Amino acid sequence: MFGVTKFGDNIEDEWFIVYVIKQITKEFPELVARIEDNDGEFLLIEAADFLPKWLDPDNSTNRVFFRHGELCIIPAPRKSGAESWLPTTPPTIPQALNIITAHSEKILASESIRAAVNRRIRGSHSLNVCMHNWCNKGLCQTGGVDTGCLLHLIPSTEPMNWA
């Protein structure tokens, strides 16, 4: 799935979208979500003080995801050939999904990065205000900043319990 919103000057609406996507991936563990805006991986901007030195705008594409309601970052290898599953260049979406599936415990963003993003989500105006603004404006406006969201379904080998 893919979606785009235009929210004009109200940046709080962008963070409301982050909150919703985070909750969706928490509720539906088979989903993985990637969110970006005109600035690229804007979630990393919030955590800039805590990012590893190797991570920059040139190599962050397709490395930042929400899974199970948690922020995940696919790392780059520390040494050439050290961990063969780590891509040295930004991964493609299929490569990223394979890594997320096979190495989910190794890609959870550090506590400080997750805390910075979570503070920003909580620090936004109340979600009721964001929801009110969002509903009054509609989901699409002309102009403003675009936020794109990509949701991926990771097929599970275990049956879902819908009870």
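In what order do the elements of the chain run from the N terminus on? Here are some notes on that and on a few places worth a look as you turn the model around.

1. **The overall layout.** Please keep in mind that this is a predicted model. To take up the opening question, the elements run β-α-β-α-β-β-α-α-α-β, starting at the N terminus. That gives the chain five helices and five strands. Of the 163 residues in the chain, 45% are buried. Looking at contacts between residues at least 6 apart in sequence, 74% of them join residues at least 24 apart.

2. **Helix H1.** This helix covers residues 11–27. H1 has 17 residues, and the distance from its first C-alpha to its last is 25 Å, close to the 24 Å expected at 1.5 Å a residue. Its buried residues are Glu12, Asp13, Glu14, Trp15, Phe16, Ile17, Val18, Ile21, Lys22 and Thr25. If you are colouring by residue type, Glu12, Asp13, Glu14 and Lys22 may catch your eye, since they appear on that buried list next to residues such as Trp15 and Phe16.

3. **Helix H4.** Further along the chain, H4 spans residues 111–123. With 13 residues, H4 reaches 17 Å between its first and last C-alpha atoms, close to the 18 Å expected at 1.5 Å a residue. Buried in H4 are Ile113, Arg114, Ala116, Val117, Asn118, Arg120 and Ile121. What covers these residues? The cover includes helix H1, helix H2 (42–46) and strand S4 (70–73).

4. **How H1 and H4 meet.** Two packed helices are described by the angle between their axes and the distance between the axes. For H1 and H4, the axes come within 9 Å and cross at roughly 120°. An angle from 65 to 115 degrees would count as roughly perpendicular, and one over 145 as roughly antiparallel; H1 and H4 are therefore oblique to each other. Their crossing is left-handed.

5. **The residues at that contact.** From the H1 side come Ile11, Glu12, Trp15, Val18, Tyr19 and Lys22, and they meet Val117, Asn118, Arg120 and Ile121 of H4. By class, the residues of this contact divide into six nonpolar, one polar and three charged. Several of them were met above: Glu12, Trp15, Val18 and Lys22 are buried in H1, and Val117, Asn118, Arg120 and Ile121 are buried in H4.

6. **Leu55 and Ser60.** Next, a look at the loop between H2 and strand S3 (64–67), where Ser60 has its place. Leu55 is found in the loop between H2 and S3 as well. Is Ser60 buried or exposed? The cut-off for buried is under 20% relative accessible area, and Ser60, at 5%, counts as buried. Leu55, at 7%, counts as buried too. Leaving out residues up to four places away in sequence, Ser60 touches Glu41, Leu44 and Leu55. Leu55, on the same basis, touches Leu44, Ser60, Arg63 and Ile73. Leu44 therefore appears on both lists of contacts, with contact meaning heavy atoms within 4.5 Å. The C-alpha atoms of Ser60 and Leu44 are 8.9 Å apart, with their positions 16 residues apart along the chain. For Leu55 and Leu44, eleven residues apart along the chain, the C-alpha separation is 9.2 Å.

7. **Two residues with positive phi.** Asn62 is not a glycine, yet it has a positive phi of about 60°. It sits in the loop between H2 and S3 and is buried, with a relative accessible area of 10%. His68 is not a glycine either, and its phi is positive at about 55°. This histidine lies in the loop between S3 and S4, where, at 42% relative accessibility, His68 counts as partly exposed.

8. **Ala76.** Last on the tour is Ala76, in the loop between S4 and helix H3 (93–102). At 15% relative accessibility, Ala76 counts as buried. Which residues is Ala76 in contact with, leaving aside its neighbours within four places in sequence? They are Trp54, Arg63, Leu86 and Pro87. Ala76 and Pro87 are eleven residues apart along the chain, and their C-alpha atoms are separated by 6.1 Å. Arg63 is also a residue that Leu55 touches.

Conventions
Residues are numbered from 1 along each chain as its sequence is written. This is a predicted model: local features need pLDDT of at least 70, side-chain atom pairs count only at pLDDT 80 or more; totals for chains, interfaces and linings use all residues. Side-chain values use heavy atoms; hydrogens and water are left out. Helices (H or I, at least four residues) and strands (E, at least two) are DSSP runs, numbered from the N terminus. The expected span of a helix is 1.5 Å times one less than its number of residues. Buried means under 20% relative accessible area, exposed over 50%, partly exposed in between (1.4 Å probe, protein chains only). Axes are lines fitted to C-alpha atoms, for helices over the stretch in contact, and angles run from 0 to 180 degrees between N-to-C directions. Angles under 35 degrees count as roughly parallel, over 145 as roughly antiparallel, 65 to 115 as roughly perpendicular and the rest as oblique. A crossing is left-handed if the near helix is turned anticlockwise from the far one by less than a right angle, and right-handed if clockwise. Ala, Val, Leu, Ile, Met, Phe, Trp, Tyr, Cys and Pro count as nonpolar, Asp, Glu, Lys and Arg as charged, and the others, Gly among them, as polar.
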